[in-house]
Amino acid sequence: MEAGSYAPTYSGTPQGRIASPILANIALHELDCWLEDALGINPPALRPKEQNARSNPTYMRLHKRIGRVRAHLAGTLAMPKGATPETLRQELRDKLARRRREPRLLPRTVTYYTRYADDFVIVLCHATKRDAAALKEQIATWMQSHLGLTLNADKTHITHWRQRVRFLGYDRRGRANPNGTRWLYLSVPPEAMRNITAKIQQATRYPQAPEYDVFQTINAMARGWSNYYRYAHNSSRVGGKLSLPIFWRTVHYLSSRHRCSIAKTMRHDYARNPRTGWRGLYINKPGQPPTAEHRYFIWHKPPSRIALGSPTVRDIIDQVAYLNTNWAKRRSEDQKKVTQAGAHNRCESFGRSDGRLVVQHPNRLEKAKRVKAGMGHVAESGIAQTTKLLCHACDMRQHHHAQE
């Protein structure tokens with residue numbers, strides 16, 4: 001909009017701010033309603049009677065005959081005249097082979113539609129490329145006439161069901177069963193596995209990093225990543241692969257930090273997690289006695305896969321997958337918990353336990369940066385400082401004196 005008049009732009013819709021997905025949802029909600037109401041996309045689930053009507057007659061005849069042959073062989077039904085157990089077993093093998101080649105249900109022409117902000121994907125089942133092109137043209141015409149929007153020709157493609165389609169970080173492609181039925185297969189992209197492995201390597205790179213900070217960072221990344229990809233059909237297999245670099249990078253980090261062998265680290269920091277039942281690496285929580293109930297385990301068990309639309313989606317506990325390096329900037333969680341435990345959660349100046357308590361560093365890290373250079377020296381000076389637990393008023397007073 002310029003001077004109150006609308007002018008089309010070649011760069012498309014502005015993106016990158018929080019208002020972009022909100023505006024996309026407002027405008028494209030009309031597209032959602034039109035696709036579902038006018039074109040019948042995303043139909044409701046079939047009732048049992050409708051589902052039984054799709055049964056393949058050939059499959060059902062073979063299925064009933066297989067049941068009768070098994071009853072004859074088991075002695076539940078009398079043996080037919082002129083039949084022997086050998087001939088019935090041969091007939092059973094032939095019928096089973098024919099049933100595996102027959103689809104249990106007749107093909108159903110249906111279309112599914114999913115949208116996130118301004119990205120959407122439409123899956124056409126038992127349709128031709130001509131049908132997909134006609135639907136694409138119909139959607140483009142409706143969006144232009146009703147919403148004033150145009151489809152991006154470079155980003156809107158018609159893809160065969162055997163080829164992969166990337167949508168919201170997932171790879172989608174069609175799979176065929178031996179009986180001829182087809183279904184949509186969700187998988188984790190190889191790039192996503194490489195990216196999370198690189199972040200784990202970066203998190204365990206510095207031996208001087210506090211143990212609790214490293215374990216907390218890896219757990220947050222692994223839990224958030226694995227929960228996001230729990231809908232993939234290969235989530236369990238990929239989660240098992242993810243546990244390998246986490247274990248080896250963590251055990252090397254602990255060995256380097258304590259300057260001991262991997263065998264010694266395994267003897268002292270490897271046990272069975274009572275919550276999961278799996279064995280994994282652990283550390284003692286800072287500020288707590290070294291007992292079994294105060295052990296903090298590294299992520300070692302991938303979550304089970306869940307289907308789309310499952311009611312268990314509400315039970316997922318997600319965490320932001322980020323690389324935490326605050327331990328190098330005098331904001332170490334390990335140091336914070338040790339300080340809180342040493343002060344018994346009381347202000348070390350006035351002994352107050354109510355209100356907000358903060359961990360205060362008497363020596364500012366900025367001063368250490370002027371004296372010592374290098375990432376390692378600054379990090380060591382940051383986590384080796386003496387800290388105090390103060391209330392908010394005492395902390396503000398200390399900062400005021402430091403500025404004077």
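The following legends describe several close-up views of a predicted model.

**Figure 1. A nonpolar patch on the surface is formed by I18, I22, L23 and I26.**
Together, these four residues have about 450 Å² of accessible area. I18 is placed in the segment before helix α1, which covers residues 19-37. With a relative accessible area of 69%, I18 is exposed, because the cut-off for that class is over 50%. I22 belongs to helix α1. The relative accessible area of I22 is 48%, and I22 is therefore partly exposed. I22 also has a partner that is remote in sequence: D118 is 96 residues away along the chain, and the C-alpha atoms of I22 and D118 are 9.7 Å apart in space.

**Figure 2. A salt bridge joins D32 and R115.**
The closest N and O atoms of this pair are 2.8 Å apart. The salt bridge links distant parts of the chain, since D32 is in helix α1 and R115 is in strand β1 (residues 110-116), with the two positions 83 residues apart in the numbering. D32 has a relative accessible area of 14% and is buried, because residues under 20% fall into that class. The model has six salt bridges in total, and the pair of D32 and R115 is one of them.

**Figure 3. R166, D171 and E191 are joined into one network by salt bridges that share partners.**
The side chains of R166 and D171 meet in a salt bridge with an N to O distance of 2.4 Å. R166 also forms a salt bridge with E191, in which the closest N and O atoms are 3.3 Å apart. The pair of R166 and E191 links distant parts of the chain: R166 is in strand β3 (residues 165-167), E191 is in helix α6 (residues 190-203), and the two are 25 residues apart. The members of the network vary in accessibility. D171 is buried, at 3% relative accessibility. R166 is partly exposed, with a relative accessible area of 44%. E191 is likewise partly exposed, at 33% relative accessibility.

**Figure 4. Helices α3 and α4 pack at an angle of about 155 degrees.**
Two packed helices are described by the angle between their axes and the distance between the axes. Helix α3 comprises residues 57-74, and helix α4 comprises residues 85-101. The axes of α3 and α4 are 10 Å apart. The two helices are therefore roughly antiparallel to each other, because angles over 145 degrees are placed in that class. The crossing of α3 and α4 is left-handed.

**Figure 5. Helices α6 and α8 pack at an angle of about 20 degrees.**
Helix α8 covers residues 235-258, and the axes of α6 and α8 are 10 Å apart. This angle makes α6 roughly parallel to α8, because the cut-off for that class is under 35 degrees. The crossing of α6 and α8 is right-handed. Helix α6, which covers residues 190-203, also holds E191 of the salt bridge with R166.

**Figure 6. N42 has a positive phi although N42 is a residue other than glycine.**
The phi of N42 is near 60 degrees. N42 is found in the loop between helix α1 and helix α2, the latter covering residues 48-53. The relative accessible area of N42 is 28%, and N42 is therefore partly exposed.

**Figure 7. H126 has a positive phi and is not a glycine.**
The phi of H126 is about 60 degrees. H126 lies in the loop between strand β2 (119-125) and helix α5 (129-147). At 46% relative accessibility, H126 counts as partly exposed.

**Figure 8. The C-alpha atoms of Y112 and I122 are separated by 5.6 Å.**
Along the chain, Y112 and I122 are 10 residues apart. Y112 is found in strand β1, the strand that also contains R115 of the salt bridge with D32. Y112 has a relative accessible area of 37% and is partly exposed.

Note on methods: Residues numbered from 1 in each chain as written. Predicted model: local features only at pLDDT ≥ 70, side-chain atom pairs only at ≥ 80, totals over all residues. Heavy atoms only, no water. Patch = residues over 30% accessible without salt bridge, like charges linked within 9 Å, V, L, I, M, F, W, Y side chains within 5 Å. Areas by Shrake-Rupley, 256 points an atom, 1.4 Å probe, with all protein chains shown as cover. Helix = DSSP H or I, 4+ residues; strand = E, 2+ residues; numbered from the N terminus. Buried < 20%, exposed > 50% of the residue type's maximum accessible area, 1.4 Å probe, protein only. Axes fitted to C-alpha atoms, helices over the stretch in contact; angles between N-to-C directions. Parallel < 35°, antiparallel > 145°, perpendicular 65-115°, else oblique. Left-handed = near helix turned anticlockwise from the far one by under 90°.
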